[in-house]
Each structure stands twice: as C-alpha cells, then as structure tokens.
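User: I'm new to this one and would like to learn how to read its features. Could you walk me through it?

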Amino acid sequence: ACLSLAEMASLGQITAGTAIFFLCDMQEKFRPAISYFAEITEAARRLVTAANALEIPVLVTEQNPKALGKTVAELEPLLQARQSRVFEKTLFSMLTEDLLQALPAERNAVVIFGVEAHVCVLQTVLQLRRRGLDVHVVADATSSRSQADRLIAFERLRQCGAFVTTAESVLFQLLGDARHPQFKEIQRLIIPLLPSSGLAVGKI
C-alpha cells in the first residue's frame, strides 16, 4: 500500500510537487564573515537552478538589506523566475507575516539553506516544525561564522526533528527516476563535485 503524506514526511520523503525552497539571508555583507561562503553559495546556486527547472517555489529573505546588502550576485539573477519571491526582514526567523501568506498550503516539505545555521536558519526551522511542516536542512549550502556554531546547529536541528541532508541528495530525491523529463538538466548540475565546505572534517 502507498504511504500517506504524513507517513512520507516522517521518513523525509520529498517530491517536486510537495517541496518549497527557503533561501535564508545569502547577502553581500556576510560574504567575508561566513565560513565557506563561496562553497555554500555554489551549492545554493545549484539548488535554485534546479528549483527553477522543476517549478519549485523559492522564498528568499534578506536581513535588513539596507545595511547588509542584497542577495549575492551569483544567486540574484536566478531569483527572477516567476515562482521566486524575496522578503525583507528584521526578524531572526524567515517567517515574516508576508512570507507566511505566500506559503502554499500544498507545499509541506521545506528545503532550507543559507546563513547563519545557528541563528536565522535554526529559528526558522523551530517555527516551521512547530507548525507541523517537514523540514530538510541542506548542510553543504548552510553555514555560520564559526564552524563550531555551524556543526552544533546541525545537531540542534536534528533534535527538533529536521532532516540534515546535502544538495546532491535533495536533487536526486526530487528527480526520483532517471527517466524524469528534467534528469539531463539536473544531472549537469550534479556531475561536477561541489567544493568541500568543511563537513568532512566535522561531525554533522
């Protein structure tokens, strides 16, 4: 028998029809401060590119952009797709009133990535879990200023019921089958190995 949506969520199953991507505060002023910023930006670029190909909505936040700058240039052009929306905020959570209103009811699997793991990403995930949503944190597209804060945040995220995963794993889950119409397009994103973002030397 097929599993229900609730049972699929408990296993961490995601599909292009149930997923929504949250891109958290990948802004210019954070570039010199965040550990492995260039590496997580490349992972985020692949995720957003795949989201556009698979018609998965991408909700983006920018923390106080007048002071901290806009979304980085590597990602900003990819956010012009019709299913992407950008929200300014001062909250440490992404869940502003405007963003919550834009959250489609049928999208119950949130794939989140960005900065910082132990601040805005963590607080967003806690609120999403409280709302009963299935949450997947993309470790190689998420970081903090310190590696200690980053790795401990991943442990904390697991404790609240989030799935800690990788960009490549997410993309293969979304495809599900080598016969998927967008397989070749997504495969081109996957074939080059992502640069190391420091996870191999630390417990995640």
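Analyst: Sure. Keep in mind that this is a predicted model. Let's begin with Glu116, which sits in the loop between β4 (109-115) and α5.

User: What kind of peptide bond runs from Val115 to Glu116?

Analyst: The general idea is that most peptide bonds are trans, and most residues other than glycine have a negative phi. Here the bond from Val115 to Glu116 is cis, and its omega is near -20 degrees.

User: And phi? Which residues should I look at?

Analyst: Try Asp25, in the loop between β1 (19-24) and α2. Its phi is near 55 degrees, so a positive value in a residue that isn't glycine. Tyr36 is placed in the loop between β1 and α2 too, and it has a positive phi of about 60 degrees without being a glycine.

User: Is Asp25 buried or exposed?

Analyst: Buried: its relative accessibility is 1%, and the cut-off for buried is under 20%. Tyr36, at 32%, counts as partly exposed.

User: How do I read the way two helices pack, say α5 and α6?

Analyst: Look at the angle and the distance between their axes. Helix α5 (residues 117-130) and helix α6 (residues 147-159) pack at about 10 degrees, with axes 9 Å apart. Angles under 35 degrees count as roughly parallel, so that is what α5 is to α6.

User: Which residues of α5 and α6 meet?

Analyst: From α5 come Ala117, His118, Leu122, Val125 and Leu126, and they meet Asp149, Arg150, Ala153, Phe154, Arg156 and Leu157 of α6. By class, the residues of this contact are seven nonpolar, one polar and three charged.

User: Can we zoom in on a single residue there?

Analyst: Take Leu122, in helix α5. It is buried, because its relative accessible area is 13%. Apart from neighbours within four places in sequence, Leu122 touches Glu116, Ala117, Arg156 and Leu157. That brings us back to Glu116, the residue that follows the cis bond from Val115. As for distance, the C-alpha atoms of Leu122 and Ala148 are separated by 14 Å, with their positions 26 residues apart along the chain.

User: What volume does the largest pocket have?

Analyst: The idea is to roll a probe the size of a water molecule over the atoms, which shows where empty space is left. In this model the largest pocket comes to about 180 Å³. It is lined by 13 residues, and the closest to its centre are Asp140, Leu194, Pro195, Ser196 and Ser197. The elements giving two or more residues to that lining are α2 (37-54) and α7 (167-175).

User: How does that lining divide by class?

Analyst: Six residues are nonpolar, four polar and three charged.

Notes: Residues numbered from 1 in each chain as written. Predicted model: local features only at pLDDT ≥ 70, side-chain atom pairs only at ≥ 80, totals over all residues. Heavy atoms only, no water. Axes fitted to C-alpha atoms, helices over the stretch in contact; angles between N-to-C directions. Helix = DSSP H or I, 4+ residues; strand = E, 2+ residues; numbered from the N terminus. Parallel < 35°, antiparallel > 145°, perpendicular 65-115°, else oblique. Contact = heavy atoms within 4.5 Å. Nonpolar A, V, L, I, M, F, W, Y, C, P; charged D, E, K, R; others polar. 1 Å grid on protein atoms, 1.4 Å probe; cavity = no way out; pocket = protein on both sides within 12 Å on 5 of 7 lines; lining within 4 Å. Points joined across faces, edges and corners; volume = space filled by probe spheres on them. Buried < 20%, exposed > 50% of the residue type's maximum accessible area, 1.4 Å probe, protein only.
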